[in-house]
Structures are given as C-alpha cells and as structure tokens.
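Colleague: Got a minute to walk me through this one? I'd like to go strand by strand and then look at the rings.

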Amino acid sequence: MVRKILSIDGGGIKGVFPASFLATIEDSITGNLSDYFDLIVGTSTGGIIALGLGLGLSAKDILGFYEKYGPEIFKGNRFLRLIRQLGFAKYENKKLKQALEVIFEGKKLGESSSRLVIPSVNLENGEVYVYKTAHHDRFQRDYKEAVINVALATSAAPTYFPTHITSSGIPLIDGGIWANNPMGMAVVEAIGVLGWPKEELKVLSLGCTSESLNINAGRKKALGRIYWSVNIVDVFMTSQSFASLGTAQLLAGHKNVIRINPSVANKRYGLDVVSEIGSLKGLGDAEARKALPLIKHFFRKKVEKFDPIYKL
C-alpha cells in the first residue's frame, strides 16, 4: 500500500511559490489536494499552507490568502522597520492574526481531514514543540487546539514576529529554527510513529526557492561576530535543509523522494518582500507545469479517509 507525504518548507511571503505550485496542480486533478496525501507536514508559512489544506481549503484559496493579506501583514516603511528591528520584532502580528482569523475562523486542529504535523520551538527550555493531529493514541491534546494558535506558533519567526505565548504560558517560536525543511521529520513520523513501511512511502517536498550559499569571506578568513551575525543564518538554514533531504532519502529511498525547490539569484526574493508576489506566483505555475509529468503518480488515486483516534 502506497503512503503519500506532502512536505512544505518555511519562507515567509515566499510561501506564494508552493501555494501557486499546488494551485496549478489542483487544476489537473479531481477534488482537493488533501485527498491525495496520507500525511501533510509544514513549517512556518508551509505550516499555514498545510493547515489550510487539512481544513479543506483549495490551494487556489490559499494562494488568494497570500495575495490579499500578504501586503497588509508585511506593511510599513522599510527604514522604520529596520530601525524597529534593532530592538523589537520587525512586525507586530496583529495583521497576521486578523488574516488567519478570516481564513481559519474558529476551527480546531481536530477538524483536519488529513494527518498534520506542524513544528515550533519552546523558548522556555529549547525543546521542539510539534503540533499533531490525533493520528496516534499518544496525541491526546493538540487536536483541541485552535488552528490560528498553531499557525501563529509555527510562523513566529525571530526578528520578524513576536513570540507566540500559549494559553498556558509557553513561549513558542517558528519551527524553522530546527525544521524549516520538514521532509526528514515527515519521514521519521511516517516510519517511527505511524509504523508505515519505508518501501511504501512516496514523498513530495516543496521549498520556497533556494539561493547559493555566498560565504566566500568566511571560508578564507577567521572572521568574528560582526560577519557571522549577518551570515550564520544562511549557513544553518541551508545545512538543515540538506540534512533533512538526506534523512528522507536515506530512510525512504532516493527514488521515493521528489524535491521541488528552484534555484534563483541571490537576494531575488525575501521573506517579507511583497512586491515580488506576482513573480513568485508565476514561478510556481511554471515549475508545476514542468513537474507534473514527474509527480503525476501522486494524484492517480485518492488516499483512504483519515479517521482520527480522538474526535471533537
């Protein structure tokens, strides 16, 4: 029995790319995309997309969410934002929360029609904090959580948005700190938690575009805090993504893992550069048209309906 997994990276407004990619694929299939995947995993902006798919939203609707609300969420004078970022989060999350309330209303994680895994990080102790639907008998609490809280937690990117505080007082930040590319975690969940045989897995992983690692000076010189404070994030994000890809390929087999993450020029897009929404949308459409023959086996047959262990 084939088990199909969809994994979606974090990337701020660059989430337009995977949303557009999926919207184009959606035009060629019957029903919602979530009907074709046994497990959907997403981090940060990818977590928002995953939650939307699990709740039955079309990829087209999710893409429309980015187009309509993205400019409002990341709005403001660029210079003033940079000054603010020196001491505070670059953006308040008020606009993001309002937009999420519109699209998710008052729904709970337990209303998802798909198995979902959405990562974040607990700042109190540094432990990973992962929201999951009730697809195992150990997962007895998360399904009662409001979807908007899950979305705010996984997307609370340090320096961009404030920490999300749960109702019980736990400080949570963006899951991209440890799993911006969550495909490795997705395969571990499938094999280690759900008990699915590795030879049955088929994984489709969507990134939010990639850039070359430009650390020339750091390779040649013993530079200090000033240099690395600016460049270290690119290093750990890139290495985490490759580690995640390697984990998925090692466990599920190289032939069972497909990664879609087009390379673009350095600084071509940014996590909050809303002026490039149109370009990202076009790129997603173009890449989907190229990839469809390669990934059409994901959409030949719908998966069995997810029946959670605990219900609302």
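Modeller: Sure. Keep in mind that this is a predicted model. Let's begin with strands E7 and E8 (residues 257–260), which run parallel and are joined by 4 bridges.

Colleague: Which residue in E8 is the bridge partner of Val203?

Modeller: Val203 has Val257 as its bridge partner in E8.

Colleague: And E7 itself, is that mostly covered or mostly open?

Modeller: Mostly covered. E7 spans residues 201–206, and 5 of its 6 residues are buried.

Colleague: How do E7 and E1 pair, and over how many bridges?

Modeller: Strand E1, residues 3–8, pairs with E7 in the parallel sense over 6 bridges. Ile5 has Val203 as its bridge partner in E7, and Val203 is also the residue that partners Val257 in E8. Further along, Ser7 stands opposite Ser205 in E7.

Colleague: Why would you call E1 largely enclosed?

Modeller: Because 6 of the 6 residues of E1 are buried, the strand is largely enclosed by the rest of the structure.

Colleague: Which side chains point which way there?

Modeller: Arg3, Ile5 and Ser7 point one way from E1, while Lys4, Leu6 and Ile8 point the other way, and all are buried. In a regular strand, side chains alternate between the two faces of the sheet.

Colleague: What about E1 and E2, how do those pair?

Modeller: E1 pairs with strand E2 (residues 39–42) in the parallel sense, over 4 bridges. The bridge partner of Leu6 in E2 is Ile40.

Colleague: What sort of unit do E1, H1 and E2 make?

Modeller: A right-handed β-α-β unit, with helix H1 covering residues 16–26.

Colleague: OK, switching to rings. How many aromatic pairs does the structure hold?

Modeller: There are 12 aromatic pairs in the structure. One of them is Phe65 with Tyr69: the ring centres are 5.6 Å apart and the planes sit at 45 degrees, so the pair is tilted.

Colleague: How far apart are Phe65 and Tyr69 in helix H3?

Modeller: They are 4 residues apart in H3 (residues 59–73), so about one helical turn separates them.

Colleague: Are those two buried or exposed?

Modeller: Phe65 is buried, with a relative accessible area of 6%. Tyr69 comes out at 18% relative accessibility, which also counts as buried because the cut-off is under 20%.

Colleague: Give me another pair?

Modeller: Phe74 and Phe161 form a tilted aromatic pair, 5.7 Å centre to centre with 50 degrees between the planes. That pair links distant parts of the chain, 87 residues apart: Phe74 is in the loop between H3 and helix H4 (78–85), and Phe161 is in the loop between helix H6 (147–154) and strand E5 (164–165). Phe74 and Phe161 are buried.

Colleague: Which residues form one aromatic cluster?

Modeller: Tyr36, Phe37, Phe298 and Phe299 do.

Colleague: Last topic, pockets. How much space lies in the second largest pocket?

Modeller: About 400 Å³. The second largest pocket is lined by 14 residues, and the closest to its centre are Tyr129, Tyr131, Arg141, Asp142 and Glu145.

Colleague: What's the lining like by class?

Modeller: The lining of the second largest pocket has 5 nonpolar, 3 polar and 6 charged residues.

Terms used. Residues are numbered from 1 along each chain as its sequence is written. This is a predicted model: local features need pLDDT of at least 70, side-chain atom pairs count only at pLDDT 80 or more; totals for chains, interfaces and linings use all residues. Side-chain values use heavy atoms; hydrogens and water are left out. Buried means under 20% relative accessible area, exposed over 50%, partly exposed in between (1.4 Å probe, protein chains only). Helices (H or I, at least four residues) and strands (E, at least two) are DSSP runs, numbered from the N terminus. Two strands pair if DSSP finds at least two bridges between them. On a 1 Å grid over the protein atoms alone, a cavity is a set of points where a 1.4 Å probe fits but cannot get out, and a pocket is an open set with protein on both sides within 12 Å along at least five of seven lines; lining residues have an atom within 4 Å of a point. Grid points are joined across faces, edges and corners, and a volume is the space filled by probe spheres set on the points. Ala, Val, Leu, Ile, Met, Phe, Trp, Tyr, Cys and Pro count as nonpolar, Asp, Glu, Lys and Arg as charged, and the others, Gly among them, as polar. Rings of Phe, Tyr and Trp (its six-membered ring) pair if their centres lie within 6.5 Å; planes under 30 degrees apart count as stacked, over 60 as edge-to-face and the rest as tilted. A crossover is right-handed if, with the strands pointing away from the viewer, the path from the first strand over the helix to the second runs clockwise.
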